[in-house]
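Colleague: Before I rely on the terms used for this model, I would like to hear how each of them is justified.

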Amino acid sequence: MKKFQGADFCGFDTLLSEEEVMVRDSIREWVDAEVIPVVDKHFQEDTFHMPWKDQLAEIGVLGAGLTGHGGGGMSSVCTGLIYQELERGDSGIRSFASVINGLVIYPINEYGSEEQKEKWLPRLVNGEAIGCYGLTEPDFGSNPGGMLTRAEKTADGWVLNGTKRWITNGSISDIAVVFAKTKEGIRAFLVETDREGFTAPLIKEKWSLRASVTSEIIMEDCVVPEGSLMPGSDLGLKTALSCLNQARYGIAWGAIGSMMACYDEGLNYVMARTQFKGKPLAGHQLVQKKLSNILTEITKAQFMTLQVGRLKDQGLANYAHISMIKRNNCYWALRIARMVRDMLGASGITHEYQAGRHMLNFESVKTYEGAHDIHHLILGDYITGIPAYE
Amino acid sequence: MNILVLLKRVPDTAAKIKVAADGMAIDPAGVEFVINPYDEIAIEQAIQLKEAGGGKITVLCLGPKAATKDIRTALAMGADEGILLVDDTAGRDAVATADALAAAAGDVEFDLVLAGWKSVDTDDGSVTHFLAAKLGIPCVTLITKLELGDGQVAAHREVEGVTEVVEVKLPAMLTVQKGLVEPRYTSLKGIMMAKRKKIDERAAEAGEPKIRIRTMTPPPPRPEGRIVGEGADAVPALMQALSDEQKLL
Ligand SMILES: Cc1cc2nc3c(=O)[nH]c(=O)nc-3n(C[C@H](O)[C@H](O)[C@H](O)COP(=O)(O)OP(=O)(O)OC[C@H]3O[C@@H](n4cnc5c(N)ncnc54)[C@H](O)[C@@H]3O)c2cc1C
């Protein structure tokens with residue numbers, strides 16, 4: 001197979017530093033060698049490839065953006081480029097890394113106690129421990145504020161009761177950041193998954209994000225010590241949303257990786273395959289329209305996302321900026337995967353090509369971390385000042 | 001132990017090579033450049049020796065300014081310092097290259113020089129020999145294993161049918177073959193650390209060329225394939241084509 005080449009239509013790379021290019025290229029090379037050859041097997045078998053955990057730790061992806069505690073201290077643009085390359089391989093491995101970095105390491109570092117930081121950050125960074133993030137519940141997805149999970153204060157700790165659903169990494173985690181309602185409002189708890197009363201059954205038979213573990217979390221009179229409460233989480237739901245901002249930002253970059261994977265595959269295919277008098281498919285007008293639309297959308301997404309990354313590195317990116325790139329890029333990643341699937345004809349329905357896998361994955365990616373339409377509401381609220389959620 | 005590693009920037013082996021309009025060099029447009037894969041093995045070996053016994057690794061490269069990226073990659077893998085002898089002449093010949101490298105090596109303290117046994121672009125494989133001669137040190141080529149001793153090194157070479165073990169006193173030049181060690185992925189931490197490492201850039205003092213490239217032409221296009229038939233019935237025709245036409249059997 002021809003080596004993957006990203007798309008750079010109008011000098012995107014000239015806006016990157018030498019270091020940023022090296023980061024991207026090193027992850028690209030790793031994905032070529034360690035993800036592409038095995039990912040389809042795991043997608044077919046509905047399993048996560050466990051060796052990735054230690055490898056991601058080894059190359060420094062886990063904790064890449066964390067300063068201190070063994071983290072890489074990398075910029076938002078660098079971490080974005082890492083997610084772009086991971087998702088060029090598959091949304092499953094990007095999700096694994098996004099959850100650990102954005103939804104576990106980030107809240108522990110921002111809202112955890114010193115003890116929680118000392119105990120868990122180094123282990124999450126070096127791959128000794130896996131973490132997950134439990135916000136969504138069976139009956140509360142887009143509206144997590146309505147959650148039913150409760151935490152009751154006891155003399156020397158808390159008792160947790162409730163069910164979380166659609167939790168990435170749930171069944172393979174050592175530690176879970178779980179949100180629950182207390183008398184004082186929503187709070188985050190850092191719960192070891194081997195506690196009595198805590199179970200995390202696997203959700204099987206998905207047709208999307210199959211190379212990633214998705215689970216339920218069931219807490220039945222799960223007793224945790226006082227130290228499990230994350231002391232900085234007294235902003236309630238805002239705490240949860242600040243984590244989502246981290247993960248959404250990474251997803252926006254990841255979506256560009258998926259777009260480029262599909263574009264690369266589609267372009268190679270239509271250049272090589274001939275129909276009607278030996279002319280390559282690429283020589284037909286309707287195919288060219290698709291290619292030109294795809295390259296245009298990739299280019300737009302790249303510049304918008306890089307700019308938000310630069311703002312984020314200056315502390316100037318807000319939730320609405322991130323919401324815009326998350327929604328836009330996921331929307332186009334899904335559309336592009338479908339267009340390329342179409343360009344591949346019958347071949348496109350087989351596992352020999354990746355577009356079908358990316359297409360199925362993006363049904364999840366456009367849904368989680370704020371569904372597509374919810375992001376319209378977030379931006380709509382930002383523009384008008386009139387919330388339209390309810 | 002201090003190690004000097006030679007690094008060359010070469011077109012990616014997967015790149016489609018086109019000859020430039022002047023017919024004297026390759027056209028670099030659209031070609032991705034990488035560290036010569038054999039040099040990458042040498043860098044890895046140097047890092048492993050340093051990890052085991054300490055010391056300093058200096059990477060020495062003669063090439064265009066763009067090669068800083070490749071030196072930076074070597075620093076990200078674990079080398080300590082880089083020297084770039086800036087030279088924009090495409091196809092600088094081996095003797096002139098060795099002159100420039102020898103002049104720069106004079107400023108570096110080293111016990112061992114490691115390099116790929118050839119660079120995959122020109123396939124010449126003689127720079128290391130000239131350089132060792134200019135530095136007045138022994139040179140062992142195509143090594144697949146090395147054992148460090150006190151002031152000496154034993155190097156294994158796979159030669160026709162046997163493994164030869166050669167002993168040389170340090171300092172020495174060893175050129176490495178595939179199979180010696182497996183180059184590591186550059187880690188993100190390594191990339192962050194490489195930012196702070198020094199790359200010394202200076203003009204190359206290359207000597208007079210001893211060789212001049214007269215022309216460069218692409219190989220003739222491969223003839224199109226031919227289907228001689230289908231299924232078992234086609235075997236006799238295939239055998240005949242392979243033995244009589246292609247003289248392969
Ligand atoms: C593979 C996968 C992994 C996940 N991982 C995690 C995880 O690790 N942790 C976690 O906490 N959650 C996770 N989720 C859950 C995810 O965040 C939710 O699925 C998402 O928030 C949507 O919630 P829901 O599925 O309940 O859909 P609903 O909220 O029921 O929404 C269904 C549809 O209705 C639309 N809708 C909802 N409200 C409105 C409205 N007011 N106006 C207009 N349209 C509306 C939505 O846009 C959507 O199209 C994951 C989900 C998936 C699929």
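The exchange below takes up the sheet, its central strands, the helices and the chain contact in turn.

Colleague: What makes you confident enough in chain B to discuss its residues one by one?

Modeller: This is a predicted model, and chain B averages a pLDDT of 93, with 100% of the residues scoring at least 70. Local features need a pLDDT of at least 70, so on the 0 to 100 scale of the predictor's confidence the residues of chain B meet that requirement. For the complex, the predictor gives an ipTM of 0.81 and a pTM of 0.90.

Colleague: Why is the sheet of nine strands called open, and which are its edge strands?

Modeller: In chain B the order is S9-S8-S7-S10-S6-S1-S4-S5-S11, with mixed pairing. Strand S9 (162-169) and strand S11 (198-203) of chain B each pair on one side only, which is what makes them the edge strands. Neighbouring strands are turned by 35° against each other on average, direction ignored.

Colleague: How do you know that S7(B) and S8(B) pair?

Modeller: Pairing requires at least two bridges, and strand S7 (residues 139-148) and strand S8 (residues 152-159) of chain B have five, in the antiparallel sense, so the term applies. Ile143(B), for instance, has Arg157(B) in S8(B) as its bridge partner.

Colleague: What pairs with S4(B) in the parallel sense?

Modeller: S1(B) is joined to S4(B) by five bridges, and six bridges join S4(B) to S5(B), again running parallel. Leu4(B) has Thr58(B) of S4(B) as its bridge partner, while Gly63(B) stands opposite Val86(B) in S5(B). From S4(B) the chain crosses through H2(B) to S5(B), and this β-α-β crossover is right-handed.

Colleague: Why is S4(B) described as largely enclosed?

Modeller: A residue is buried if 20 or more other C-beta atoms lie within 10 Å of its own; seven of the seven residues of S4(B) are buried, so the strand is largely enclosed by the rest of the structure. Ile57(B), Val59(B), Cys61(B) and Gly63(B) point one way, Thr58(B), Leu60(B) and Leu62(B) the other, and all are buried.

Colleague: Which strands does helix H3 of chain B lie across?

Modeller: Helix H3 (residues 94-105) lies across S1, S4 and S5 of chain B, running at about 145° to S4(B). Helix H4 (residues 127-135) of chain B touches S6, S7 and S10, and its direction makes about 175° with that of S10(B).

Colleague: How many residues of chain B are in contact with chain A?

Modeller: There are 13, against 16 residues of chain A. Helix H2 (68-77) and helix H5 (188-194) of chain B are the elements giving two or more residues to that side, whose residues divide into six nonpolar, three polar and four charged.

Note on methods
Residues are numbered from 1 along each chain as its sequence is written. Chains are lettered from A and ligands numbered from 1 in the order in which they are written. This is a predicted model: local features need pLDDT of at least 70, side-chain atom pairs count only at pLDDT 80 or more; totals for chains, interfaces and linings use all residues. Helices (H or I, at least four residues) and strands (E, at least two) are DSSP runs, numbered from the N terminus. Axes are lines fitted to C-alpha atoms, for helices over the stretch in contact, and angles run from 0 to 180 degrees between N-to-C directions. Two residues are in contact if their C-beta atoms, placed from the backbone, lie within 7 Å. Ala, Val, Leu, Ile, Met, Phe, Trp, Tyr, Cys and Pro count as nonpolar, Asp, Glu, Lys and Arg as charged, and the others, Gly among them, as polar. A residue is buried if 20 or more other C-beta atoms lie within 10 Å of its own, exposed if 12 or fewer, and partly exposed in between; C-beta atoms are placed from the backbone. A crossover is right-handed if, with the strands pointing away from the viewer, the path from the first strand over the helix to the second runs clockwise.
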